[in-house]
Protein chains: 2
Amino acid sequence: MRPDEAALLEKHGIKPSAQRVAVAEFVLHTDAHPSADEVWSRVRERFPMVSRATVYNTLNLFVEKGLIRQLTLTGGRVVFDPNVEKHHHFIDEETGRIYDVPWEALRVSRVDDIDGFEVHAYQVVLRGKKRSRRRRT
Amino acid sequence: MRPDEAALLEKHGIKPSAQRVAVAEFVLHTDAHPSADEVWSRVRERFPMVSRATVYNTLNLFVEKGLIRQLTLTGGRVVFDPNVEKHHHFIDEETGRIYDVPWEALRVSRVDDIDGFEVHAYQVVLRGKKRSRRRRT
DNA sequence: TCTATCTTTAGACTTAGTCTAAGTAAATGC
DNA sequence: GCATTTACTTAGACTAAGTCTAAAGATAGA
Ligand SMILES: [Mn+2]
Ligand SMILES: [Mn+2]
Ligand SMILES: [Zn+2]
Ligand SMILES: [Zn+2]
């Protein structure tokens, strides 16, 4: 069972229509960094009459209200991320999949010290190969 | 005057057609991180009959041969970068402009130490406001 | 209920990018 | 030098991602 999405939307100043709740139920609980069309196709499985425009509008509204973030990391693709806390990203070069890397896993030094730039935010973008998960015995 | 682009292309195993030289003359000497269509429109100023497909093909060929890099940093836009050395990027949130940040300006610690990921490359992506250049007296 | 506002919808439109089929140009063979 | 093959370029068709529009549907208030 899902937590009450409608209440969460209202808390962020969003009227919880059926379509918006359906989008929220998917996009707020994924760790897959989906594109807008991926969200659309997943939401349509349970809500077949939802329109493409509504999904795009809803995702943009969620970004505006701070429920999710929009990322552009690779291949000119825009994806959405329900993790709005500071964190880094790792891109698997073979699969294209994007993984979260905890903020504390890395430290970047001298960020405030860059001549001529006032830094408001930053993240490290890493690329490589994900090691196959070692199964525990 | 420009250095001899044709020779440079040949050194990278690229036959230097007039169109490719025209693309090289612009894209290898910019620090603006242009999109493919921006390159096309700049190249057409001096070479009005060049086609869109040729510019796209040429840029992709240059990437494949290691003359330039393709970046996806913001707004779902793909841009090209003639600086193929390791460096970081700063994005001005007001103008959208992308600036190079020297590799030595920052240090990222513990990169090799991330559980489950084999890191082949990384960069720091910073966002903020560029300070207006202090004019010298 | 009547009305105003908000939301959703289908489809048109736009932009970025790839693909195709035909035409040019350059290289190779004789 | 001429014929043939190969490489390159071209215009335009096509696709994918995204926005916009105009009409319809839902919600909430008077
Ligand atoms: Mn595309
Ligand atoms: Mn777009
Ligand atoms: Zn993330
Ligand atoms: Zn750069």
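User: Why are α3(A) and α4(A) called oblique to each other?

Analyst: In this predicted model, helix α3 (residues 36-46) of chain A and helix α4 (residues 52-64) of chain A pack at an angle of about 120°, with their axes 10 Å apart. Angles from 65 to 115 degrees count as roughly perpendicular and those over 145 as roughly antiparallel, and an angle of about 120° belongs to neither range, so α3(A) and α4(A) are oblique to each other. The crossing in which α3(A) passes α4(A) is right-handed.

User: Which residues make the contact between α3(A) and α4(A)?

Analyst: On the side of α3(A) the contact is made by A36(A), D37(A), V39(A) and W40(A), and on the side of α4(A) by R52(A), V55(A), Y56(A) and L59(A). By class, the residues of this contact divide into six nonpolar, no polar and two charged.

User: What makes H33(A), D81(A), H87(A), H89(A) and D100(A) donors of the zinc ion (ligand 3)?

Analyst: A donor here is an N, O or S atom within 2.8 Å of the metal. The atoms in question are NE2 of H33(A), H87(A) and H89(A) and OD of D81(A) and D100(A), and they lie 1.9 to 2.4 Å from the zinc ion (ligand 3), so they meet that cut-off. Along the chain, these donors follow the spacing H-x47-D-x5-H-x1-H-x10-D. One pair among them links distant parts of the chain, with H89(A) in strand β3 (residues 87-92) of chain A and D100(A) in strand β4 (residues 98-102) of chain A, eleven residues apart.

User: How do you know whether H89(A) is buried or exposed, and what is the case for D100(A)?

Analyst: The word buried applies under 20% relative accessible area and exposed applies over 50%, with partly exposed in between. H89(A) has a relative accessible area of 0% and is therefore buried, whereas D100(A), with a relative accessible area of 29%, is partly exposed.

User: Where does H33(A) lie, and why does H33(A) count as buried?

Analyst: H33(A), one of the donors of the zinc ion (ligand 3), has its place in the loop between α2 and α3 of chain A. Because the limit for buried is under 20%, H33(A) counts as buried at 4% relative accessibility.

User: What is the phi of H33(A), and what is the phi of H33(B)?

Analyst: Phi of H33(A) is near 50°, a positive value in a residue other than glycine. Most residues other than glycine have a negative phi. In chain B, H33(B) likewise has a positive phi of about 50° although it is not a glycine, and H33(B) is found in the loop between α2 (18-27) and α3 (36-46) of chain B. H33(B) is buried, with a relative accessible area of 4%.

User: At what angle do α2(B) and α3(B) pack, and which residues meet there?

Analyst: The two helices pack at an angle of about 115°, with their axes 9 Å apart, and α2(B) passes α3(B) in a right-handed crossing. A22(B), V23(B), E25(B), F26(B) and V27(B) in α2(B) meet V39(B), R42(B), V43(B) and R46(B) in α3(B). By class, this contact has six nonpolar, no polar and three charged residues.

User: Which residues of helix α2 (residues 18-27) of chain A are buried, and what do they pack against?

Analyst: In this helix V21(A), A22(A), V23(A), A24(A), F26(A) and V27(A) are buried, and the buried residues of α2(A) pack against α1 (5-11), α3, α4 and β2 (77-81) of chain A. Of the 137 residues of chain A, 39% count as buried. The secondary structure of chain A comes to four helices and six strands, and from the N terminus on its elements run α-α-α-α-β-β-β-β-β-β.

User: Why do E10(B) and G13(B) count as exposed?

Analyst: The cut-off for exposed is over 50%. E10(B), which lies in helix α1 (residues 5-11) of chain B, counts as exposed because its relative accessibility is 53%. G13(B), in the loop between α1 and α2 of chain B, counts as exposed because its relative accessibility is 55%.

How values were computed
Residues are numbered from 1 along each chain as its sequence is written. Chains are lettered from A and ligands numbered from 1 in the order in which they are written. This is a predicted model: local features need pLDDT of at least 70, side-chain atom pairs count only at pLDDT 80 or more; totals for chains, interfaces and linings use all residues. Side-chain values use heavy atoms; hydrogens and water are left out. Axes are lines fitted to C-alpha atoms, for helices over the stretch in contact, and angles run from 0 to 180 degrees between N-to-C directions. Angles under 35 degrees count as roughly parallel, over 145 as roughly antiparallel, 65 to 115 as roughly perpendicular and the rest as oblique. A crossing is left-handed if the near helix is turned anticlockwise from the far one by less than a right angle, and right-handed if clockwise. Contact means heavy atoms within 4.5 Å. Ala, Val, Leu, Ile, Met, Phe, Trp, Tyr, Cys and Pro count as nonpolar, Asp, Glu, Lys and Arg as charged, and the others, Gly among them, as polar. Donors are N, O and S atoms within 2.8 Å of the metal (3.2 Å for Na, K and Ca); water is not among the atoms, so sites may look incomplete. Buried means under 20% relative accessible area, exposed over 50%, partly exposed in between (1.4 Å probe, protein chains only).
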